[in-house]
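Subject: Structure for your review

Dear colleague,

Please find below the structure I am handing over to you. My findings follow directly after it.

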Amino acid sequence: MSESLSIVKNEITEEVADEVNATESLSRKANQLPEPKGYKILIALPNPDEKTDGGIIKAKQTMRDEEVGSIVGCVLSMGSDAYKNTDRFPTGPFCKEGDWIVMRSYSGTRFLVHGKEFRLINDDSVEAVVEDPRGIVRI
């Protein structure tokens with residue numbers, strides 16, 4: 001009897017440990033995006049369309065090329081010094097968190113987090129702010 005209680009206790013302890021490990025793992029995954037420092041801006045790139053306007057499914061390499069060469073992105077966060085230099089930015093910041101921006105193609109430090117591309121760009125790399133990024137493509 002005490003042996004079966006011990007087995008049940010061990011199973012419960014293992015289940016709790018697994019839940020704690022899973023929670024810690026999710027927390028670590030959520031914190032994997034870097035926090036921009038200085039004048040850097042963290043940008044998320046939009047997912048490319050899987051089909052052409054005519055309904056043809058794009059190859060994975062084509063979709064990857066579109067993502068890598070993307071000129072639009074969403075501002076996730078900004079470093080503490082972004083747009084602080086009033087000599088360079090006399091009218092204030094070019095963008096704010098949550099804005100969709102146009103930037104130079106292939107600009108910034110490119111990196112993947114769980115297969116999704118992000119970029120760290122300089123504050124002066126922002127070319128424009130757009131309300132709706134759909135349909136904006138590099139030529």
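I begin with the salt bridge between arginine 134 and aspartate 132, whose side chains meet at 2.8 Å, N to O. Please bear in mind throughout that this is a predicted model. The two partners differ in their surroundings: arginine 134 has a relative accessible area of 68% and is therefore exposed, while aspartate 132, at 37%, is partly exposed.

This pair belongs to the wider set of salt bridges, of which the structure holds 7. Another of them joins arginine 88 to aspartate 124, with 2.6 Å between the closest N and O atoms. Arginine 88 sits in the loop between strand S2 (72-78) and strand S3 (100-103), and aspartate 124 in the loop between strand S5 (116-122) and strand S6 (126-130), so this salt bridge ties together parts of the chain that are 36 residues apart in sequence. Both residues fall in the intermediate class of accessibility: arginine 88 is partly exposed at 44%, and aspartate 124 is partly exposed at 34%.

A further salt bridge has a buried setting. The side chains of arginine 119 and glutamate 117 meet at 3.3 Å, N to O, and each of these two residues, arginine 119 and glutamate 117, is buried. They also take part in a network of salt bridges, in which Arg110 is linked with Glu117 and Arg119.

I turn next to the aromatic residues. The whole structure contains 4 aromatic pairs. In one of them, the ring centres of tyrosine 83 and phenylalanine 89 are 4.8 Å apart and the planes stand at 75°; because an angle over 60 degrees counts as edge-to-face, the pair is placed in that class. Tyrosine 83 and phenylalanine 89 are both buried. A contrasting geometry is found for phenylalanine 111 and phenylalanine 118, which form a stacked pair with 6.0 Å from centre to centre and 20° between the planes. Phenylalanine 118 is itself buried, its relative accessible area being 8%. In addition, Tyr83 and Phe89 join Phe94 in one aromatic cluster.

Serine 77 also deserves a mention. This residue lies in strand S2 and has a relative accessible area of 17%, which is under the 20% limit, so serine 77 counts as buried. Which residues is serine 77 in contact with, once its neighbours within four places in sequence are left aside? They are Pro36, Ile41, Leu42 and Glu97.

Finally, I examined the pockets. The largest pocket has a volume of about 530 Å³. It is lined by 22 residues, and those closest to its centre are Pro48, Asp49, Glu66, Ile136 and Val137. By character, the lining comprises 9 charged, 8 nonpolar and 5 polar residues. Helix H2, which spans residues 60-68, gives the most to this lining, with 3 residues.

To summarise the main points for your own inspection:

- Salt bridges: arginine 88 with aspartate 124, arginine 134 with aspartate 132, and the network of Arg110, Glu117 and Arg119.
- Aromatic residues: the cluster of Tyr83, Phe89 and Phe94, and the stacked pair of phenylalanine 111 and phenylalanine 118.
- Pocket: a volume of about 530 Å³ for the largest one, with 9 charged residues in its lining.

With kind regards

Conventions: Residues are numbered from 1 along each chain as its sequence is written. This is a predicted model: local features need pLDDT of at least 70, side-chain atom pairs count only at pLDDT 80 or more; totals for chains, interfaces and linings use all residues. Side-chain values use heavy atoms; hydrogens and water are left out. On a 1 Å grid over the protein atoms alone, a cavity is a set of points where a 1.4 Å probe fits but cannot get out, and a pocket is an open set with protein on both sides within 12 Å along at least five of seven lines; lining residues have an atom within 4 Å of a point. Grid points are joined across faces, edges and corners, and a volume is the space filled by probe spheres set on the points. Helices (H or I, at least four residues) and strands (E, at least two) are DSSP runs, numbered from the N terminus. Ala, Val, Leu, Ile, Met, Phe, Trp, Tyr, Cys and Pro count as nonpolar, Asp, Glu, Lys and Arg as charged, and the others, Gly among them, as polar. A salt bridge is a side-chain nitrogen of Lys or Arg within 4 Å of a carboxyl oxygen of Asp or Glu. Buried means under 20% relative accessible area, exposed over 50%, partly exposed in between (1.4 Å probe, protein chains only). Rings of Phe, Tyr and Trp (its six-membered ring) pair if their centres lie within 6.5 Å; planes under 30 degrees apart count as stacked, over 60 as edge-to-face and the rest as tilted. Contact means heavy atoms within 4.5 Å.
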